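Colleague: I have a model open and a few questions about it. Shall we go through them one by one?

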Amino acid sequence: MAASFVTLFQWRLNSMLLHENEILLGVKDQIKSLISQLDAAGSFTGDVGMILGRESGHGSWASELRGMLRQAEDFVDDFVIRAYGQAEKDRKDSIAEFGKELQNFNSRISEILNRRPPVEAPLMLQQIQRFARSNISSNEDKETDLVTCMLNYINLTYDLKLSLLFCRVFNGRYGESIDGLVRVLVAAGLVQEKPGELMEEKAQENIDKLISLGMIEEHEVYWDLFEVPSPYFELSLGVVKAEDIFMSTENSDFMVPPTARHVSIYDADNTIPNTNSFLHSLFVSGRVGLSEASSDCLRNVLHNAKLLRVLDLTGTQLGSLPDEVGKLVHLRYLRVGPTSIKKLPESISNLQNLQTLGISWFGREFELSNGVLNLAQLRHLKMYQLLNDGEFRVPQGISRLGNLQTLEGINAGSGIAKELGVMTQLRSLEVSCVSDDHADELYFSVMKLSMLRKLSLTVEEEREGASYEYENSFFPCLESFSPPPLLQTLELVGRLIEMPLWLGSMENLTKLYMFYSHLSENPTTILQFLPNLKYLRMEKAYKGRRMDKEFFRGGGFPKLERLYISSDNLVEWTEIEEGALPCLKRLTIHDCIELMLLPEGLQHVTTLQILDMWYVHEDLIRRLIPNRSPENYKIKNIPLVKYLGHMSY
């Protein structure tokens with residue numbers, strides 16, 4: 001992983017030149033010279049040695065290079081902290097000292113690289129084959145698979161290797177979504193920053209590559225989650241253990257090694273272990289929230305960890321945010337919750353490098369202070385209300401945040417509807433409490449957001465007289481809305497009078513979530529010929545008692561891979577026309593307690609890999625039992641059929 005250290009340090013220096021140009025003007029040449037010297041490090045097989053339990057012939061110089069680069073990176077980060085708080089004269093002296101030290105690092109790198117041995121590819125392959133044989137006995141196929149996986153890993157670029165390691169150690173800790181993983185990778189510095197390019201797009205591209213290579217898999221149940229499959233899980237663990245850069249523990253007494261830069265502590269109870277002062281990422285979660293003792297430990301940790309870039313306090317249930325957070329100059333990612341706090345401290349305005357701010361809270365109201373308007377680098381603002389009738393208010397002037405790409409969890413009132421119209425850089429928007437009072441203004445603003453990729457709209461809930469959620473809560477004026485052209489994900493929460501006709505023209509739409517629409521008409525008439533729709537979730541979207549072949553016609557849903565249907569009222573699903581759903585991989589039938597039969601034609605959906613039946617009538621399950629029911633022919637070729645619920649035979 002020494003090569004990965006080289007890559008990361010290069011990215012760090014390039015990022016400094018982009019953002020700290022005025023401060024570094026006097027040492028710009030030294031930085032560029034050091035970047036060129038790092039280019040000479042080239043690629044080598046250090047990762048292979050780690051997997052094999054040694055570093056082949058590269059141990060001495062690679063280990064020395066890693067240690068030196070750690071020192072260099074820590075020196076650079078410490079310089080930035082000092083420079084921010086210095087007067088002009090003192091800053092000039094610091095810059096001069098900084099330039100001399102850069103020259104020193106340059107010379108040391110050159111000396112180390114001169115001792116680098118040549119790469120011997122045939123020898124490396126022989127070592128890998130011997131390792132596979134020693135770990136897998138009497139199974140030639142598995143041995144071949146392991147060798148192939150190791151070679152695939154070795155051939156990854158360094159940014160892909162780092163992304164995989166992050167996924168392996170902190171699996172499932174990113175707001176539980178691939179989108180969250182993207183933001184963490186960017187904040188942690190694991191994506192190269194280039195002028196005119198969105199780092200988030202590059203991070204997503206890296207994740208997509210790992211998925212296409214089979215090194216990351218989308219979660220089998222939750223569409224936006226991920227997991228690292230075997231044997232990549234075990235291979236990356238070998239690198240992690242050897243390097244001690246990434247650490248993951250549930251032991252509060254665990255000693256964090258001085259080499260660790262990214263640490264995850266889960267199920268923390270009474271203590272949080274002391275961490276080194278060079279930490280870059282810290283994830284802390286409590287078993288049932290943090291105790292008072294753990295909160296005190298957290299304050300001490302944050303006081304020492306001046307170089308933190310990522311701080312995730314999910315599951316800590318903090319009553320207040322430690323003041324020490326406002327002193328973390330390098331912090332780029334802050335996620336807190338669930339919490340009972342109603343307001344962030346004003347010191348949040350000190351976090352000039354903050355890119356992501358995520359808060360989930362218990363209370364009915366949460367208000368962002370005006371200090372957030374000073375966060376010029378903020379790219380993602382995500383708020384989550386644990387109470388359906390909670391309200392999140394943003395300060396007037398939020399449109400001043402010109403780098404903001406994500407704005408989620410906001411209330412549609414308080415004048416925000418009009419401000420949204422000038423935030424044309426937004427790519428993800430989530431708005432709740434949509435009502436007649438501001439619907440026209442909100443829709444008009446959203447239609448201006450030409451870069452928008454993801455949109456979630458939730459109607460204001462009318463509780464009086466409702467027998468269940470959103471029964472009397474109608475979307476206002478939705479027929480006057482026209483979606484932005486690049487929209488890929490759409491979520492509508494609330495009752496629809498009828499299916500909006502504009503849904504049928506959304507050629508770029510890949511994911512559609514419809515909650516509590518309570519439609520009497522067939523919702524798929526408009527949807528089934530969308531050319532790129534891959535995920536469709538209809539939860540209480542259709543209140544009819546019968547679905548026939550008109551719902552799934554031949555050639556309908558040409559790219560749909562996952563279909564989720566939930567309906568209290570559905571009694572009959574008669575037929576799927578042959579040729580419909582040609583790409584369907586997973587079908588989930590949830591909470592359809594009146595449904596007694598699966599549709600005729602399901603047996604023709606030959607691509608179907610998984611059938612989930614959650615909380616369905618037990619008679620439906622009985623009719624599908626192998627060798628005991630004539631209905632089994634509909635599902636007998638589906639590799640995995642699952643159901644949840646009590647059954648007695």
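Colleague: Where does glutamate 462 lie?
Modeller: Keep in mind that this is a predicted model. Strand 14 covers residues 454–459, and strand 15 covers 489–493. Glutamate 462 falls in the loop between strand 14 and strand 15.

Colleague: Is glutamate 462 buried, partly exposed or exposed?
Modeller: Its relative accessible area is 39%. Buried means under 20%, and exposed means over 50%. The value sits in between, so glutamate 462 is partly exposed.

Colleague: Which residues form the negative surface patch?
Modeller: Look for Asp and Glu, because these count as negative. Glutamate 462 belongs to the patch. The full set is Asp436, Asp437, Asp440, Glu441, Glu460 and Glu462.

Colleague: How many residues of helix 9 are buried?
Modeller: Helix 9 runs over residues 178–187 and is mostly covered. Among its buried residues are Ile178, Leu181 and Arg183. Of its 10 residues, the number buried is nine.

Colleague: Which residue with a positive phi follows helix 9?
Modeller: Helix 9 covers residues 178–187. The residue in question has a phi near 85°. It is glycine 189.

Colleague: What is phi of tyrosine 516 near?
Modeller: Tyrosine 516 sits in the loop between strand 16 (511–515) and helix 15 (524–527). Its relative accessible area is 16%, under the 20% cut-off, so tyrosine 516 is buried. Its phi is positive, although the residue is not a glycine. The value is near 60°.

Colleague: Why does leucine 581 count as buried?
Modeller: Leucine 581 lies in the loop between strand 20 (572–573) and strand 21. Its phi is positive, near 55°. Buried means under 20% relative accessible area. Leucine 581 counts as buried because its relative accessibility is 2%.

Colleague: Where is cysteine 592, and what is its relative accessible area?
Modeller: Strand 21 spans 586–590, and strand 22 spans 610–614. Cysteine 592 is in the loop between them. This cysteine is buried, with a relative accessible area of 0%.

Colleague: Which residues does cysteine 592 touch, not counting those up to four places away in sequence?
Modeller: One part of the list is Ile565, Ser566 and Ser567. The other part is Tyr615, Val616 and His617.

Colleague: How far apart in space are cysteine 592 and lysine 540?
Modeller: In sequence, cysteine 592 and lysine 540 are 52 residues apart. In space, the distance runs from C-alpha to C-alpha. It is 9.8 Å.

Notes: Residues are numbered from 1 along each chain as its sequence is written. This is a predicted model: local features need pLDDT of at least 70, side-chain atom pairs count only at pLDDT 80 or more; totals for chains, interfaces and linings use all residues. Side-chain values use heavy atoms; hydrogens and water are left out. Helices (H or I, at least four residues) and strands (E, at least two) are DSSP runs, numbered from the N terminus. Buried means under 20% relative accessible area, exposed over 50%, partly exposed in between (1.4 Å probe, protein chains only). Contact means heavy atoms within 4.5 Å. Patches are made of residues with over 30% relative accessible area and no salt bridge: like charges are joined within 9 Å, nonpolar side chains (Val, Leu, Ile, Met, Phe, Trp, Tyr) within 5 Å. Accessible areas come from the Shrake-Rupley method with a 1.4 Å probe; for residues, only the protein chains shown count as cover. A salt bridge is a side-chain nitrogen of Lys or Arg within 4 Å of a carboxyl oxygen of Asp or Glu. The place of a charge is taken as NZ of Lys, CZ of Arg, CG of Asp or CD of Glu.
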